[in-house]
Amino acid sequence: MTKAIRIHKTGGPEVMQWEDVELPAPGKGEARIRHTAVGLNYVDTYQRSGLYPFPLPMIIGSEGAGVVEAVGPEVSEVKVGDRVAYGNAPPGAYAEARNLPAHRLVKLPSGISDQQAASMMLKGLTTWYLLRTTYPVKKGETVLFHAAAGGVGLIFGQWAKHIGATVIGTVGSADKAKLAKAHGYDHIINYKEQNFVDEVKKIAPGGVPVVYDGVGKDTWDGSLNCLQPRGLMVSFGNASGAVPPVNLGILSTKGSLYVTRPTLATHVAKRDDLVRGSNELFDVVSKGIVKIEVNQTYPLKDAAQAHRDLESRKTTGSTVFTV
């Protein structure tokens, strides 16, 4: 038996319940992890609301860190006592302990704390695939990233700056502008006070080669207008709502644009890719190139309040549940 946040119906934060749940012995290929920290991500709200549907009842959450308590048959990736973390696994992280496929776990180096790991695996690996594989950003390029003060945004700004890119970020407040500026962004646009398309065109008159957009509906049209001919629109989230149906003809009229809707799951489906991405992430964090800052912590049982704060955009950077 373990405690977990479980939902029996989809909806607002109020549907999350702190309950006792049965936890069987780990099965073939599985490991049991006793969580020390669990990460909060915007995708958790999609699981809770039903935007990303799963069978109910369910335990939400996709990111955590802790210690391996037990392993099932045919597990070679980890052993009992290992410090591990994950950022791409089946939902179930909002629990004191859980079983999950061992091939989704990565061992933590000594220089990475459990709270750092729980706050950065999903966001850090997301940054890795956006920056390194979806569109490999090169030195000297100018790129646009929406929601620059969010968890992925703060990692992206530092990492892209290290590569040598000029990074433009959008934010919704003066405080978030200061935060983004301190994390690698060269140009900050407050979309509540400025038209971000006009501002991007001033910085990059010919448009940018890539836009990274985790906001969705509210920024879709403007993002297309920021791209140079044959530019790439990377739509990787829906914080403002899902992008409505699109007439593909608009891509030709705006300059033979490309669009992708990538997911972390696809980019780390192979364990070799998961380990490679994790090692690159651990490297830039351990060297201080990317600083991981946990700006909010909540007890896991208070997950509903954390979701309210996240959805009302009261949070910045990374948030971790303590277990």
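The questions below cover the cores, one buried residue and the cavity of a predicted model.

Local features need pLDDT of at least 70 and side-chain atom pairs 80 or more, while totals for chains, interfaces and linings use all residues. Numbering runs from 1 along each chain as its sequence is written, and side-chain values use heavy atoms, without hydrogens or water.

User: Which helix gives the largest share of the largest nonpolar core?
Analyst: A nonpolar core joins buried Ala, Val, Leu, Ile, Met, Phe, Trp, Tyr and Cys through side-chain atoms within 4.5 Å. This core has 53 residues, and Trp 159 is among those touching the most other members. Ten residues come from one helix (a DSSP run of H or I, at least four residues, numbered from the N terminus). That is helix H2, residues 114–134.

User: Is Glu 199 buried or exposed?
Analyst: Glu 199 lies in helix H5, residues 196–203. Beyond four places in sequence, Glu 199 touches Ile 189 and Gln 194 (heavy atoms within 4.5 Å). Buried means under 20% relative accessible area, exposed over 50%, partly exposed in between, with a 1.4 Å probe and protein chains only. Glu 199 has 18% relative accessibility, so it counts as buried.

User: How many residues does helix H3 give to the lining of the largest cavity?
Analyst: A cavity is a set of points on a 1 Å grid over the protein atoms alone where a 1.4 Å probe fits but cannot get out; lining residues have an atom within 4 Å of a point. The largest cavity holds about 60 Å³. Its lining includes His 183, Lys 291 and Glu 293. Helix H3 (residues 151–163) gives the largest share, four residues.

How values were computed. Helix = DSSP H or I, 4+ residues; strand = E, 2+ residues; numbered from the N terminus. 1 Å grid on protein atoms, 1.4 Å probe; cavity = no way out; pocket = protein on both sides within 12 Å on 5 of 7 lines; lining within 4 Å. Points joined across faces, edges and corners; volume = space filled by probe spheres on them.
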